[in-house]
Structures are given as C-alpha cells and as structure tokens.
Amino acid sequence: MPAMWAEIQELINRFPGKVGVWLENLHSHEQYAHNPDWKVYAASTIKLPMLCYALSTGADLRQAVPVKPETVAGGSGVLKDLSPGLSLPLLDLLTLMIIVSDNTATNVVLDFFGHKEPFNAYYQAQGWRSTYSAGMLSLPDDRPDPRRVKGEASTVSAEDLGLLLKQLWTGQLLPPEATQTALSILSRQQFTFFLRYLPADLDDLEEGTAPLRLYAKSGEIRKCRHDAGILAREGAAYSLVVLTETDADPRFHPDHPAVLLIGKIASVLYQHRLG
C-alpha cells in the first residue's frame, strides 16, 4: 500500500464516525477507496450532479428564469434575502447553486427542469447508482414540497461522485462547451473544506496565483460534512471525494472533526502527489 494511502487510512481510522473516500489519478486511473458504495445523506453535494444534468440538456443558459415564491428556501444562499419577483439567467442560477450553495437557486433549477424525475433518470443513466434527488431543499414546514415523499432524502456515494468527476474531467460526460462551463463554475466555489491545510486560499485561486487548481462542491448538514472535487497541478489531476457522518459534534463550526479530516486528507494528497 502506498505511503499516501496508509496515511489517509490512519486518519480515517481515528475519525469518530463513518467515512467514505474515493481518490483517483485522473490520468493513470489508479484508485483508492474506503466505503465507496456507502449511500449517505448528500447535503449540498447533490448540487454537483444537478449541475451536470442541467448542462447536459442543452438549455439556453441566457434565458431568464423567475424565482417563484414556492421555491424560496432557508439555509445557505443569498436569493432568500433579496427582493421578491426576481428573474435571473439560468447560468446565474446554476452559478449561485454551486459557488454559494444557494438552496433557493437549486429549487428554481429543479422546478425549471420538471422536478426530480428527469434528474434521477439522468443519474441512473450515467451509472450513479446511489445518487438520488428527493426534491426541493430546505423549505419551511408550513410550505413543504408537495412532490417530495415524506422521509426521503437526497443521497450520494463516494464512488458515484468519483465517477462523475472522472467523466467530467475526461470529457465523457458533457459536450466540450458544457464541460468548460461546469469546470468554470466549480472553480469559483466559495465554500470548501479541502483548502484547510493547503498552500492556497480562495483569493489565490481567484487571482490564479495558487500552486494548484480546485474544482469542487462541498456540503454540510447537522451530522455530515462532505467535499468532492478535482485537485490539479501542472498536468497532474486527482479526484477526491470525502463523505462523513458523525454524532461526535452537532455544531457548525470551522474546527468540526469532519472538517479537519477532510482538510487533512486533501493535504496528504497534495504533499505526496501535487506538492
């Protein structure tokens, strides 16, 4: 077992909860995995396959889409705090859905494409067996999604997200222009746990002065912290997916044990293969 994976495995073994990991060299296709098919609550990582479906349709990204009152959600994002009656280009909604994990933008996108059914059909067609969109996100109790089955949750697995990232990076998933749009949006992610211990920050990435490129989507709910993305430098590229679930700390804070774990795993990858 390579030293890199031995270090990652030791970090996983010390974590007070369950972990799913997928790590792949996107050029040689060398893979490492831990609980790869574990189906876990997706949190906002479900927005990554949602983005891919939306771009796969060939829809006009310039068309204005209204933000309907029934799509306004709590949780992360900015649209919930803006004036009612907005309409935004579809491209802007997809961008907000990813880079600030906007739940309202996500619901608008879901509604625009006909709710969860076409999304789930697309996931299954791609071979993402554990990926499932349950419906609109973070609606208040007095205004539930009438098409969401009570008790259902959106799910993903490390293997599914790893396969998605490989298909995206190699151009197998989307046409060239859509691929570049997806990567451009993912490169502007403003919430990521991967950078915790890396020699770069969001300003460096935005200015192009970082020693690496990052295309990622994170997610968090009360028991789960996740990050999924591609770390690339000078011709080398690796997909990394880390999914976690723990009862050890119910708080949302930057030193949560899962946040630290995700950052440390990314750091081990960087030191051994990208540094």
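A disulfide is a pair of cysteine sulfur atoms within 2.5 Å. The model discussed here is predicted.

Q: How many disulfides does this rule give?
A: The count comes to zero disulfides.

Q: Why is Cys52 called buried?
A: Buried means under 20% relative accessible area. Cys52 has 0% relative accessibility, so Cys52 counts as buried. Cys224 also stands at 0% relative accessibility and therefore counts as buried.

Q: What makes E8 largely enclosed by the rest of the structure?
A: Nine of the ten residues of E8 are buried, so the strand is largely enclosed by the rest of the structure.

Q: How do you know that E7 and E8 pair?
A: Pairing requires at least two bridges between the strands. E7 (residues 213-221) and E8 have nine bridges, in the antiparallel sense. Within this pairing Tyr215 stands opposite Ile230 in E8. Two residues lie between E7 and E8, which form a hairpin.

Q: What makes E8 and E9 a pair of strands?
A: The requirement is again at least two bridges, and E8 and E9 are joined antiparallel over ten bridges. His226 has Leu243 in E9 as its bridge partner. E8 and E9 form a hairpin with two residues between them, and Glu234 in the turn has a positive phi of about 50 degrees.

Q: Why is the contact of Tyr122 and Tyr123 called an aromatic pair, and which kind is it?
A: Ring centres must lie within 6.5 Å, and planes over 60 degrees apart count as edge-to-face. Tyr122 and Tyr123 are at 6.4 Å centre to centre with 65 degrees between the planes, so the pair is edge-to-face. Both tyrosines are buried. The structure holds ten aromatic pairs. One aromatic cluster is formed by Tyr53, Phe112, Phe113, Phe119, Tyr122, Tyr123 and Trp128.

Q: Which residues touch the most other members of the largest nonpolar core?
A: Leu51 and Leu94 do, in a core of 58 residues. Among the elements that give two or more residues to this core are helix H2 (47-56), helix H3 (90-99), strand E8 (224-233) and strand E9 (236-245). A second, separate core has 34 residues, including Val19, Leu23, Leu198 and Ala266.

Q: What is Leu94 in contact with, leaving aside its neighbours within four places in sequence?
A: Leu94 is in contact with Leu51, Ala54, Leu55, Leu61, Val109 and Ile185.

Q: Why is Asn107 called buried?
A: The cut-off is under 20% relative accessible area. Asn107 has 0%, so Asn107 is buried. Asn107 is placed in helix H4. Not counting residues up to four places away in sequence, Asn107 touches Thr71, Ala73, Met136, Leu137 and Leu139. Asn107 and Met136 are 29 residues apart in sequence, with C-alpha atoms 5.3 Å apart.

Q: Is Asp102, in the loop between H3 and H4, buried or exposed?
A: Asp102 has a relative accessible area of 0% and is therefore buried. Its contacts beyond four places in sequence include Lys47, Ser76, Gly77, Val78 and Leu79. The C-alpha atoms of Asp102 and Val78 are separated by 6.5 Å, although these residues are 24 apart along the chain.

Q: What makes the approach of Asp102 to Leu79 a polar contact?
A: A polar contact needs N or O atoms within 3.5 Å, one able to donate a hydrogen and the other to accept it. The side chain of Asp102 reaches the backbone nitrogen of Leu79 at 3.0 Å, so the distance falls inside the cut-off.

Terms used
Residues are numbered from 1 along each chain as its sequence is written. This is a predicted model: local features need pLDDT of at least 70, side-chain atom pairs count only at pLDDT 80 or more; totals for chains, interfaces and linings use all residues. Side-chain values use heavy atoms; hydrogens and water are left out. A nonpolar core is a set of buried Ala, Val, Leu, Ile, Met, Phe, Trp, Tyr and Cys residues joined through side-chain atoms within 4.5 Å. Buried means under 20% relative accessible area, exposed over 50%, partly exposed in between (1.4 Å probe, protein chains only). Helices (H or I, at least four residues) and strands (E, at least two) are DSSP runs, numbered from the N terminus. Contact means heavy atoms within 4.5 Å. Rings of Phe, Tyr and Trp (its six-membered ring) pair if their centres lie within 6.5 Å; planes under 30 degrees apart count as stacked, over 60 as edge-to-face and the rest as tilted.
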